[in-house]
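This report walks through a few parts of one protein model, taking them in turn. Please keep the sequence and the structure in view while reading.

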Amino acid sequence: MPLVDLFAGQITNLENPALWLTDAMGAPRSAAGVNVTHQKADGMSAYFACAKVLGEDVGKLPMRLYKTRADGRGKDKADSHPVHKLMHSRPSPEMLPFVMKDLMIRMAATWGNAYAEIQRTRTGRPYAIYPIHPSRVKVQRDADGDIVYLVRVEDTKTPAPASMRSLGNVSRGLLQWLPYKAADIIHIKGPGDDGIVGKSVLRAAADALGISLAAQEFGGNFFANGTHIAGVLQHPGSLGPEAAKTLRESWVKRHSGSKNANRPAVLEEGMTWSPIGIPPGDAQFLETRQFQNIEVCRFFRMPPHKIQELGRATWANIESQNIEYVGDTLMPWLVRFQEEANAKLLTQAEQDAGYFLEFVLQALLMGDSTTRGTFYKTLFNMGAISRNEIRSFERLNPVEDDDGGTYYMQLNMSPVDKLGQDVPAPAAAQESTPPPSPPPSNAARAEELQPLFRRAAEQALRRESDMRAHTLDAYNQHAVYMRRCFAEVSDVLARGDSSTTVKAICDRYCYAQSQERQPMTAEAMAAEFTTQLLEAIDATTA
């Protein structure tokens, strides 16, 4: 017998179940004895936050259409192409790009699959994208072995076309499952077993989520119904049913609930109170919930600090964790989305012509203003970018002159294979050409490199501030880290391998710190390091 869907006023049965019935009957039961449904999981902060962070971080990234240049050396924006407008400006009349991308990634991250219908013109050009809830989609193969997507129609009163009456997806002439070709469905798959569909995180993490939900439910019941004087009332005499009931109700009324916590009890007639049970603190209730938050993060490959779990975060590792988050957590989802969009929204001819969709990641990879300044200065000095390109990265308008797009390079640089070779000047110009400028001194080059030395010093000092022990062994390990921080910039100043000198400087510093710690600023460390390195260079070349 069909059941009446009280939430939608529809008829639902095992053949065509509504979403609430699917959750109720198909939800995995965890080892903790809790049925894990999507609705319950969304009520757990760690699970909801992981999905929210992934969805919103992908949603805020613009997706642009580019075309590879004919020579293969670079790309150009293809803003006039219809697919660019579809993904960058308006996926459908009902949905903006942020909402669509956020929804698709959250569904893929939690349900394991995200689906969207591609609506096309008669010529096959896509003009709208409509996400479909994963609970309404089945993925199958047709008689020819091709992938076909069956989408359950919510309104079961829709008449089926005569051509579909024999397909087995109709009941009493009413359409229930609408078939779509694979080319008309965007399907973002999470990790799976067959490459056809992704695996639901809810099912894979059912036991871990069940423990989290059980702990959350226990905490709620404790504060709602529990008493801080949990135990047994013992009466020296015999109480009748009515007296026992009255005593119990009176006790619960006075001592249950958070408002009555720590309220003193008055015992009469020789009654005694025998506490039983284990308080939440003794049962490591808070530690259990913190551990389960980390456990949920593992399933999403989410750095805990992204969901405000800051128990083990430090100033020294937050920056590196943010970089790892973009490369290790976000990038797989971005690649899945890009590859599926390219395959389904662009024709094979357009792909062969060099068109491709790509997320713009600069907004997530930009560091603080000091780091960005050093980065831009380094690229500008080597002629890799112009002033206008720097302003574009910073979302500023270009300089309106002929010089804004010019590339500059320092004159004292030479190709590596030309070092040590004298390049004779043309005979006619030898007398009129002024003598070349002398190369800059080591001290002048060290002054130019001071921002990079200061950056290396900041990294070393942050690591030192996080050291739990300040013994000689700990500083010997720290010296190895310092050598890595200073190695590259030291090689630039020394014009070659400076590893021996850098090792000696780092070892001396760390030994002195292990004997008597002397706090040092990044500027002072950079200056001291540069001075000692210059002295070693001068002694070598003297």
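## Cysteines and disulfides

How many disulfides does the count come to? The model is a predicted one, and the count for it comes to 0 disulfides. A disulfide requires a pair of cysteine sulfur atoms within 2.5 Å, and the sulfur of Cys 506 has its closest cysteine sulfur in Cys 510, at 6.5 Å, which is too far for a bond. Seen from the other side, the cysteine sulfur closest to that of Cys 510 belongs to Cys 506, and the distance of 6.5 Å is again too far for a bond.

Are these two cysteines buried or exposed? Cys 506 counts as buried, with a relative accessibility of 0%, and Cys 510 is buried as well, with a relative accessible area of 1%.

## Two buried residues of helix 17

Helix 17, which covers residues 472-494, contains His 478. This histidine has a relative accessibility of 3% and therefore counts as buried, since the cut-off for that word is under 20%. When neighbours within four places in sequence are left aside, the contacts of His 478 are Ala 460, Arg 463, Glu 464, Met 467 and Cys 510. Cys 510, one of these contacts of His 478, is the buried cysteine described above.

Ser 490 also has its place in helix 17, and at 0% relative accessibility Ser 490 counts as buried. Which residues are in contact with Ser 490, once its neighbours within four places in sequence are left aside? They are Phe 453, Ser 498, Val 502, Phe 529 and Leu 533. The C-alpha atom of Ser 490 is separated by 9.2 Å from that of Leu 449, although the two residues are 41 residues apart along the chain.

## How helix 3 meets helix 5

Helix 3, made of residues 45-59, packs with helix 5, made of residues 97-111, at an angle of about 140°, and the two axes are 7 Å apart. Such an angle makes helix 3 oblique to helix 5, because an angle has to be over 145 degrees to count as roughly antiparallel. The crossing of helix 3 and helix 5 is right-handed.

Which residues of the two helices meet? On the side of helix 3 they are Tyr 47, Ala 51, Lys 52, Leu 54, Gly 55, Glu 56, Val 58 and Gly 59, and on the side of helix 5 they are Phe 98, Lys 101, Asp 102, Ile 105, Arg 106, Ala 109 and Thr 110.

## The sheet of strands 7, 8 and 11

Strands of a sheet pair through backbone hydrogen bonds, and the pairing can be either parallel or antiparallel. One open sheet of the model has 3 strands in the order 7-8-11, and its pairing is antiparallel. Strand 7 (137-141) and strand 11 (177-181) stand at the edges with a single partner strand each, so one side of each has no neighbour in the sheet. From one strand to the next, the twist averages 30°.

Strand 7 and strand 8 (residues 147-152) run antiparallel and are joined by 5 bridges. Gln 140 has Val 148 in strand 8 as its bridge partner, while Arg 141 has Ile 147, also in strand 8, as its bridge partner. The hairpin of strand 7 and strand 8 has 5 residues between the strands, and in this hairpin Gly 145 takes a positive phi near 85°.

## The sheet of strands 4, 3 and 15

Another open sheet, also of 3 strands, follows the order 4-3-15 with antiparallel pairing. Strand 4 (75-77) and strand 15 (355-359) are its edge strands, and each of them pairs on one side only. Neighbouring strands in this sheet are turned against each other by 40° on average, with direction ignored.

Strand 3 (residues 63-68) pairs with strand 4 in the antiparallel sense over 3 bridges, and the bridge partner of Tyr 66 in strand 4 is Lys 77.

## Tyr 115 in strand 5

Tyr 115 lies in strand 5, which covers residues 113-120, and counts as buried at 4% relative accessibility. Not counting residues up to four places away in sequence, Tyr 115 touches a list of residues that includes Met 104, Val 137, Val 139, Tyr 149 and Ile 185. Tyr 115 and Ile 185 are 70 residues apart along the chain, yet their C-alpha atoms are separated by 6.5 Å.

Key: Residues are numbered from 1 along each chain as its sequence is written. This is a predicted model: local features need pLDDT of at least 70, side-chain atom pairs count only at pLDDT 80 or more; totals for chains, interfaces and linings use all residues. Side-chain values use heavy atoms; hydrogens and water are left out. Buried means under 20% relative accessible area, exposed over 50%, partly exposed in between (1.4 Å probe, protein chains only). Two strands pair if DSSP finds at least two bridges between them. Helices (H or I, at least four residues) and strands (E, at least two) are DSSP runs, numbered from the N terminus. Axes are lines fitted to C-alpha atoms, for helices over the stretch in contact, and angles run from 0 to 180 degrees between N-to-C directions. Angles under 35 degrees count as roughly parallel, over 145 as roughly antiparallel, 65 to 115 as roughly perpendicular and the rest as oblique. A crossing is left-handed if the near helix is turned anticlockwise from the far one by less than a right angle, and right-handed if clockwise. Contact means heavy atoms within 4.5 Å.
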